[in-house]
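Please explain how this structure is put together, taking its salt bridges and its ligand site in turn.

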Amino acid sequence: MQSEGPAQPSGVEHSPTRQTVVTQRSANLIILASCVAVAGVLFKADVFTPSGVTPTIGYCIVPLLAAQTGRRSFIVGMTGLCTVLTWVVFFLELPGAPAWMSAFERSMVTGVLWFSFVLVCQRMNALSALARQAEVLAELNRELSRSNQELDAFASVASHDIRGPLATTGMFASLLASRLVGKIDPDCGEWLSLIQSEVRRMHSIVENLLKYSRFDTDRSGIEECECEAILANVLDNLRADLIASGAEVIHDPLPRVTSDPVQLMVLFQNLIGNAIKYRSEAWPKIYLSVAAEQEGWKFSVQDNGIGIDLADRERIFDLFQRGQGSHTAKGSGIGLATCKKIAELHGGRIWVESALGNGSTFYFTIAKAKKNERAKSVTA
Ligand code: ADP
């Protein structure tokens, strides 16, 4: 018997263990015995049926059984055997129906038998194509997560390395500024303070980038946490901005969720911070709500700020992308990309609904997951 298994994906090595080979062989032997037994019983039934070939239709089961071995040559052999048995009985059958009728019926049975052979082969082809595709997809996934990890590691190392020279530049700019007080003309003084403020801005970009890249690798913090407590922390951190802008924050009773509290805090802080930052002429009013859904929790942060242009509503979630209305406020376009990453790490997503000039509502979901389930999935 020719040894041809189902097609294996190219480039993927399978090295079955000795035990797997032995188990497969025994399974094939059992299938072979079943095929022969079925064919034998049907053959006898056909010989002893006085007229007609009704039992032979049962031969169609044989290619189906043989397909379980995954060996095409075996299926051909078994289908051929059934065909031969069908026609052998033509010469052995008991007198009854006219010979032409028997020949006609046996031709029909042979046709159906080979038709089922063709169907079985097509199914096998489809299954092996599917297996190949699944393998390619899994390989692509592995490749993607490897390159994501490399990218994050690179961002992390680059951010670390940039912070040193940046701190030195900032320090010497401050030294220069303090030494030269009153000795330089106002233009030079302004340029110096511009350098200092740009250094601070760069420092904050690097810090945010570092935070962004860390979220993928630092996955130890999944636990039961109180959103009320997280929000209280966030409002504490934003106290100065809240007071300066006169913003009012109201919220629904918030649930206890399974998540990384630090990441959730960053998420809330970015969204509420942006609601203050991108305010309109009116006093900022921010409303935080939450709804339980079958799959998890759906949070929303609604503001009455400047709103977001339709063209910006998707791209603002990408790294370093800022919206058209952002020129009035300082920023680097990392906040929402971080929020997106956090929502996705929690099995959810983030999106925004907005009317330009009429405020925005940011929605994000997090999946309900048991503590160790999520921990398992994030470390996988
Ligand atoms: P940054 O605020 O540093 O620019 P973000 O990633 O937090 O970066 O936000 C990206 C852009 O999305 C912002 O530049 C701004 O145009 C827009 N945006 C975010 N939040 C709001 C909001 N609440 N109202 C209006 N625009 C917003």
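With which residue does R142 form a salt bridge, and how far apart are the closest N and O atoms? In this predicted model, the partner of R142 is E139, and the closest N and O atoms are 2.8 Å apart. Both residues belong to helix α4, which covers residues 99-179. They are three residues apart there, about one turn of the helix. R142 has a relative accessibility of 38% and so counts as partly exposed. E139, at 37%, is partly exposed as well, since that class lies between the limits of 20% and 50%. The pair also belongs to a network of salt bridges that links E135, E139 and R142.

Helix α5, residues 186-217, holds another such pair. Here R201 and E198 meet through their side chains in a salt bridge, with 3.5 Å from N to O. The two are separated by about one helical turn because they are three residues apart in helix α5. R201 has a relative accessible area of 35%, which makes this residue partly exposed. E198 is also partly exposed, at 41% relative accessibility.

The next salt bridge involves strands. R256 pairs with E224, and the closest N and O atoms are 3.5 Å apart. R256 lies in strand β3 (residues 256-259) and E224 in strand β1 (residues 223-226), so this salt bridge ties together parts that are 32 residues apart in sequence. The relative accessibility of R256 is 48%, so this residue counts as partly exposed. E224 has a value of 39% and is likewise partly exposed. In total, the structure holds 11 salt bridges.

The ligand site comes next. The ligand is surrounded by 21 residues, and the closest of them are N274, Y278, R322, S332 and L336. By residue class, this shell consists of eight nonpolar, 10 polar and three charged residues. Several contacts reach oxygen atoms of the ligand. In the side chain of K277, an N or O atom is 3.0 Å from a ligand oxygen. G323 uses its backbone instead: one of its backbone N or O atoms lies 2.9 Å from an oxygen atom of the ligand. G335 also makes a backbone contact, with an N or O atom 3.2 Å from a ligand oxygen. Taken alone, the ligand exposes 530 Å², and the protein buries 97% of that area. Three elements give two or more residues to the shell, namely α8 (261-277), α9 (335-345) and β7 (360-367). Of the elements, α8 gives the most, with three residues.

The whole chain can now be considered. The protein has 10 helices and seven strands. It comprises 380 residues, of which 36% count as buried; a residue is in that class because its relative accessible area is under 20%. The protein exposes about 22500 Å², and carbon and sulfur atoms supply 61% of this area. Among contacts between residues at least 6 apart in sequence, 71% join residues at least 24 apart. The salt bridge between R256 and E224 ties together parts that are 32 residues apart in sequence, whereas R142 and E139 are three residues apart within α4.

Definitions and conventions:
Residues numbered from 1 in each chain as written. Predicted model: local features only at pLDDT ≥ 70, side-chain atom pairs only at ≥ 80, totals over all residues. Heavy atoms only, no water. Salt bridge = Lys/Arg side-chain N within 4 Å of Asp/Glu carboxyl O. Helix = DSSP H or I, 4+ residues; strand = E, 2+ residues; numbered from the N terminus. Buried < 20%, exposed > 50% of the residue type's maximum accessible area, 1.4 Å probe, protein only. Near = heavy atom within 4 Å. Polar contact = N/O pair within 3.5 Å; in protein donor to acceptor, adjacent residues only side chain to side chain. Areas by Shrake-Rupley, 256 points an atom, 1.4 Å probe, with all protein chains shown as cover. Nonpolar A, V, L, I, M, F, W, Y, C, P; charged D, E, K, R; others polar. Contact = heavy atoms within 4.5 Å.
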